[in-house]
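Okay, everyone, thanks for coming. Let me put the structure up, and then I'll walk you through it.

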Amino acid sequence: MSRDRLALIAFIESRIAAPHDFDGNDCVSFTMGAVAAQFGSHPALGVSWNDESSARRAIATLGGIEVAADERFVSIEPADAEFGDIAGVIDDETGFHLMLVEGHTLTAPGERGLYRLPRSRMVRAWRAQGATDE
């Protein structure tokens, strides 16, 4: 299955100014949206949320963001991550969260729209892929 890089770029551009929101523009929703933009679908999560409290419950149900990513995507070395792959970073305030690999930077929703970090902040990575029939 090949990536639709133009659709991914359009997805990123559509979220440039959208602030972080647990009702559709948080780190997980953003990365799943980016996967769907590239491949037409994303692996099912089996949980939903619409605020911070329900997001925390959903994450706990999944066993944590890192475990959920391991179960749905192929883990790769951060050095092998390509444009459109999924990055895991650790933040002092929020703990472990997901970002999208843009090349030399990582991006995710922040208070005032997308924010970027250097690729060197990535501690985990997964190959982006659409939903499978497994």
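Phe96 is buried, and Trp126 is buried too. Keep in mind that this is a predicted model. These two residues form an aromatic pair of the edge-to-face kind, with 6.3 Å centre to centre and 90° between the planes. Phe96 sits in strand β3, residues 95–101, and Trp126 in strand β6, residues 122–127, so to speak two distant parts of the chain, 30 residues apart, that the pair links.

How many aromatic pairs turn up in a search of the whole structure? Two. The other one is Phe11 with Phe30: the ring centres are 5.4 Å apart and the planes are at 35°, so this pair counts as tilted. In case you want the cut-offs, planes under 30 degrees apart would be stacked and over 60 edge-to-face, which is why 35° ends up in neither group. Phe11 belongs to helix α1, residues 5–15, and Phe30 to helix α2, residues 27–39, so here the pair ties together parts that are 19 residues apart in sequence. And are those two rings buried or exposed? Phe11 is buried, at a relative accessible area of 11%, and Phe30 is buried at 0%.

Let's stay with those two helices for a moment. The axes of α1 and α2 come within 8 Å and cross at roughly 145°, and the crossing is right-handed. On the α1 side the contact involves Ala7, Leu8, Phe11 and Arg15. What they meet in α2 is Phe30, Gly33, Ala34, Ala37 and Gln38. So you'll spot our tilted pair, Phe11 and Phe30, right there in the list.

Now the sheet. It's an open one with six strands, antiparallel pairing, and the order β1-β6-β2-β3-β4-β5. Which strands stand at the edges? That's β1, 74–76, and β5, 113–118; each has a single partner strand, so one side of each is left without a neighbour in the sheet. On average, neighbouring strands are turned by 40° against each other, if you ignore direction. Looking further in, strand β2, residues 86–91, pairs with β3 in the antiparallel sense over six bridges, and Gly88 stands opposite Leu98 in β3.

What packs on this sheet? Helix α2 does, touching β2, β3, β4 (105–110) and β5, and its direction makes about 25° with that of β3. Helix α4, residues 65–72, packs on the sheet as well: it touches β1, β3 and β6, and its direction makes about 30° with that of β6.

One more spot, back at the start of the chain. Met1 lies in the segment before α1, and Met1 is exposed, with a relative accessible area of 73%. Leaving aside residues up to four places away in sequence, Met1 touches Phe39, Gly130 and Ala131. The C-alpha atoms of Met1 and Gln38 are separated by 9.7 Å, and along the chain these residues are 37 apart.

Last thing, confidence. The chain has a mean pLDDT of 94, and 99% of its residues reach 70 or more. Among the elements, helix α3, residues 52–62, has the lowest mean at 94, while β6 has the highest at 98. That's it from me; over to you.

Terms used:
Residues are numbered from 1 along each chain as its sequence is written. This is a predicted model: local features need pLDDT of at least 70, side-chain atom pairs count only at pLDDT 80 or more; totals for chains, interfaces and linings use all residues. Side-chain values use heavy atoms; hydrogens and water are left out. Rings of Phe, Tyr and Trp (its six-membered ring) pair if their centres lie within 6.5 Å; planes under 30 degrees apart count as stacked, over 60 as edge-to-face and the rest as tilted. Helices (H or I, at least four residues) and strands (E, at least two) are DSSP runs, numbered from the N terminus. Buried means under 20% relative accessible area, exposed over 50%, partly exposed in between (1.4 Å probe, protein chains only). Two strands pair if DSSP finds at least two bridges between them. Axes are lines fitted to C-alpha atoms, for helices over the stretch in contact, and angles run from 0 to 180 degrees between N-to-C directions. Contact means heavy atoms within 4.5 Å. pLDDT is the predictor's confidence in each residue, from 0 to 100. A crossing is left-handed if the near helix is turned anticlockwise from the far one by less than a right angle, and right-handed if clockwise.
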